[in-house]
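Grab a pencil and work through these exercises one at a time. Try each task yourself before you read the solution under it.

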Amino acid sequence: MMLAAPVIAVAATLIAGAILFTLLGHDGLGATLEIFVKPLFDPYRWQDLLVKAAPLAMIATGLAMGFRANVWNIGAEGQYILGGLAGTGVALSTLDMTGSWILPLMLICGVVGGMVWAAVPALLRTTLGVNEILSSLMLNYVAIQLLFYLMRGPWKDPEGFNFPQTAMFSADQTLPMVVPGTLIHLGVPLAAAVALTAFFVMARTVTGFQLKVVGLAPRAAAFGGFGAASTVWIAMLCGGGLAGLAGILEAAGPFGQMVPQFPTGYGYTAIIVAFLGRLNPLGILLAALVLALTYVGGESAQTTIGLPSAATGVFQAMMLFFLLAADILVRYRIVSGRAAAASAPHAAAAKEAEPAKGKAVTA
Amino acid sequence: MAGAAAAPRLELREISKRFPGVVANDAVSFQVPAGAIHALLGENGAGKSTLVKIIYGVQQADEGEIAFDGRPVHIGSPREARALGIGMVFQHFSLFEAMTVLENIALGMDEPPPRGELETRVRELLDSYGLALDPHRRVHTLSVGERQRIEIVRALLQNPKLLIMDEPTSVLTPQEVEQLFGTLRRLAAEGCSILYISHKLHEIKALCESATILRGGKVVASCDPREESARSMAELMIGGSLKDLSQKSTGAAGKERFVVSALSAPGEPPFGTSLKDVSFMVRAGEIFGIAGVAGNGQNELLAVLSGEERAGVTGSIRLDGRELAALSVGARRRAGLATSPEERNGHAAVPGMSLSENALLSARSRMGLASAGVVRAGATKAFAAKVIEAFSVKATGPGAAAGSLSGGNLQKFVMGREIMENPAVLVVSQPTWGVDAGAASFIRQAMIDLAAGGAAVVVVSQDLDELLELCDRLAVINEGRLSETMDVTGISIERVGLLMGGIHGGAHAAGQAGAAAGHDGRSPAPRQPEPAL
């Protein structure tokens, strides 16, 4: 049932989407086909899918490691921006230079930038007990303002006709294409490699074990010697680092410069990807392709059938809602109102009663 | 007593209940007369729980019928059971800590009367049974015995004709047990039948006039517990002869291995107990017991000793002279300190993970189950298999989920995991809680063997009998304070009971040292206060 939930959610999204857009006066079935089916039959679109899926998969992989440990990093969007900005900082200060060391340095700084941004909620959580959901989310807006400030101020391209954007990156600062003549850049294989590495970490290392135990049974984790603080740090730094890497890969890849339109919501969409992929790195690769489809199909639907650009977001949001609903509902069955009412009071009280005070002796 | 001609209060005829793969109850028949106290005995898995659930309407029998006061009845739900006059006091209390006694009682009723009327009725009940309980106290301020009284009052408010008590004494002090028995005898005298479920055979001897013994879902014997010995009943339960524990060490002094001094720690708000100036010392080869009623700081002590709780802890914990107080959980384990907390599910073990992964949880450093951060899957599996083998854990193998094991088997695995790490010091809480007699004696023997090999063992338990059987010396914990240490040989049970109930001071100490019976004569409990010899 665990694996059925994503399939049910995707199917429900397609059906509900078709109905919704019909009610809104569009050709609902056509819109659904345009977004979810047509790109699959257009080989030219496949490279688009991979390019969009790569950052989603990378961010989701990092987030999933934290989600496994019940560390809820909602700040991937901000960490993605900061990763992009840190790498861009390197690029802008090496514009006049050449050398194959520049791009790796940009990537490293991107990772560090994401980590630094993620370290703020981690520090607040471990020292002051501040909920990381709120702090990481709020830092997203700070990151956006920082981006806008740099674009309109210190980092504005002096030869850019006053457009709020940086200079174009040089050849040594942009990602090489791994398949010549396509859009498929180095970030695509890198994302796959990251997911495979994460799969190994989660399955075979003590750190992966720690993240899983903390998520499943926090008290058992403490008993096993896994500190709560170290878990928060590992989870936040993994999530931030990978979001930062995805950020600089986007800046040095498809964008080729830093622009105010840099944040495209990948950090939020990756949350959907992580859950749709069952928090498993391999599942995430698949889920990233599904969500990439909504981006690619949504864009083409704008031009071909005049669907509003918000349609993409609507489909993504529906998918998350249906997934969450399916995850909950597969664990329950429907009972009649009377039977449920009769057994409810005792069950509720039993759940609340402190478990340590009385012990189960199953006879 | 009702006349012999009257129909029995409860009669089960050929009750059978099958679950996929197991027959939980196989043609079970017995009768409970009006006003009788009847014991239902059996090991874990014997089918007691299922049977009680059928009587209380939680589950339905596949075959057979139930007669109540001579009339065949169908009990489709607990509500119908209560309407018939069947009350039940569960072993797990269903109470909201932050609410008052009265609010909790009202919440548990099908149709609660107005608050004022309810309070009058509750006070009448409390008065007439001599139960001390303030209806306006909040539950988190109450002792476990007082909490149980709430459940009893809940049941009594329905004027039950049959009261089912499931393991009611497992968390009570000897004095509280005696009070409970007084209440139950009084109820029986008034004509209420009582179905009493317990592991504690001497209690059944003291309280019950008839008993039905279940094994493997079948009735294997009926007896009058007053005419049986605890041992003969235990042997009927397990269907074989009971193995004696090998003689424990006589406490011949080894060197001091584990020394705890002046340990204090804040309790976790709002309901935690803070530890106050706890000191004790355990020698090599010795088993040291810590008795006490649940919630008096045992869990806090375990957490502080294991290193899970280090914030605000003062005092010293020394193992072979080495100070551990500042070390992490992992470092303490590497230094030779193994612990096993009271709660198995979610604390000592992760139910959703395999036994292999659970072996990794605490044994990875001492048993070398990981190198350079990478799990050695083969070694981990082999260690888990070794524990399963050595401790006769009934599981399909190292890949079995911990949550799929019965409580007793999981406890054997957890204890086996800690003991096979061969620690210098083992600290365990409730090592045999919820474990059947055979497994319990196996676990106790393993601890005795570990101590015989030179380790120092600390056993925290609410089961006083277990401590008296196992330990060389013991102390009592109450409200986070540890009493002075007493030698088990010649200990005064009354004094231990008073310490458990929180009565400190020297008033009782004089002349009571020799008040205990010898090892074999220690059977009837609750022990009556005995005069000093």
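**Exercise 1. Which loop holds B:Asp69, and is the residue buried, partly exposed or exposed?**

Solution. Start with the location: B:Asp69 sits in the loop between strand E4 (63–68) and strand E5 (71–73) of chain B. Keep in mind that you're looking at a predicted model.

Next, check the backbone. Most residues other than glycine have a negative phi. B:Asp69, though, has a positive phi, near 50 degrees, and is not a glycine.

Now count neighbours. A residue needs 20 or more other C-beta atoms within 10 Å to be buried, and 12 or fewer to be exposed. B:Asp69 has 16 C-beta neighbours inside 10 Å, so it counts as partly exposed.

**Exercise 2. Do it again for B:Glu479: where is it, and what is its phi?**

Solution. Look in the loop between strand E21 (473–478) and strand E22 (481–482) of chain B, and you'll find B:Glu479. Its phi is positive, about 50 degrees, although B:Glu479 is not a glycine. For the neighbour count, there are 16 other C-beta atoms within 10 Å, so B:Glu479 is partly exposed.

**Exercise 3. Why can we call strand E3 of chain B largely enclosed, and which strands pair with E3(B)?**

Solution. First, the burial. E3(B) covers residues 37–41, and 5 of the 5 are buried, so the strand is largely enclosed by the rest of the structure.

Second, sort the side chains by direction. B:Ile37, B:Ala39 and B:Leu41 point one way, while B:His38 and B:Leu40 point the other way.

Third, find the partners. E3(B) pairs in the parallel sense with strand E8 (residues 193–197) of chain B, over 4 bridges. Strand E9 (residues 210–215) of chain B also runs parallel to E3(B), joined by 4 bridges.

Finally, zoom in on B:Leu40. Its bridge partner in E8(B) is B:Ile197, and in E9(B) it is B:Thr212.

**Exercise 4. How many residues of helix H1 of chain B are buried, and which ones are they?**

Solution. The helix spans residues 48–55, and 7 of its 8 residues are buried, so H1(B) is largely enclosed by the rest of the structure. The buried ones are B:Lys48, B:Ser49, B:Thr50, B:Leu51, B:Val52, B:Ile54 and B:Ile55. Then step just past the end of H1(B): B:Gly57 takes a positive phi of about 80 degrees there.

**Exercise 5. How is chain B divided into domains, and what makes up the contact between them?**

Solution. Begin with the split: domain 1 is 10–238 and domain 2 is 256–508. The C-alpha centres of these two domains of chain B lie 31 Å apart. Their contact takes 15 residues from domain 1 and 17 residues from domain 2.

Now focus on the domain 1 side. Helix H6 (174–189) and helix H8 (230–238) of chain B each supply at least two residues to that side. H8(B) gives the most, with 3 residues. By residue type, this side has 6 nonpolar, 7 polar and 2 charged residues.

**Exercise 6. Which residues touch the most other members of the largest nonpolar core?**

Solution. That core has 269 residues, and the answer is A:Ala57, A:Ile59, A:Val273 and A:Ala288. Helix H10 (residues 228–255) of chain A gives the most to this core, with 15 residues. Chain B joins in too, since at least three core residues come from each of its domains 1 and 2.

As a last step, pick A:Val273. Leaving out residues up to four places away in sequence, A:Val273 touches A:Leu56, A:Ala57, A:Ala60, A:Ile284, A:Ala287, A:Ala288 and A:Leu291.

Note on methods: Residues are numbered from 1 along each chain as its sequence is written. Chains are lettered from A and ligands numbered from 1 in the order in which they are written. This is a predicted model: local features need pLDDT of at least 70, side-chain atom pairs count only at pLDDT 80 or more; totals for chains, interfaces and linings use all residues. A nonpolar core is a set of buried Ala, Val, Leu, Ile, Met, Phe, Trp, Tyr and Cys residues joined through C-beta atoms within 7 Å. Domain bounds come from an automatic or database domain assignment. Two residues are in contact if their C-beta atoms, placed from the backbone, lie within 7 Å. Ala, Val, Leu, Ile, Met, Phe, Trp, Tyr, Cys and Pro count as nonpolar, Asp, Glu, Lys and Arg as charged, and the others, Gly among them, as polar. Two strands pair if DSSP finds at least two bridges between them.
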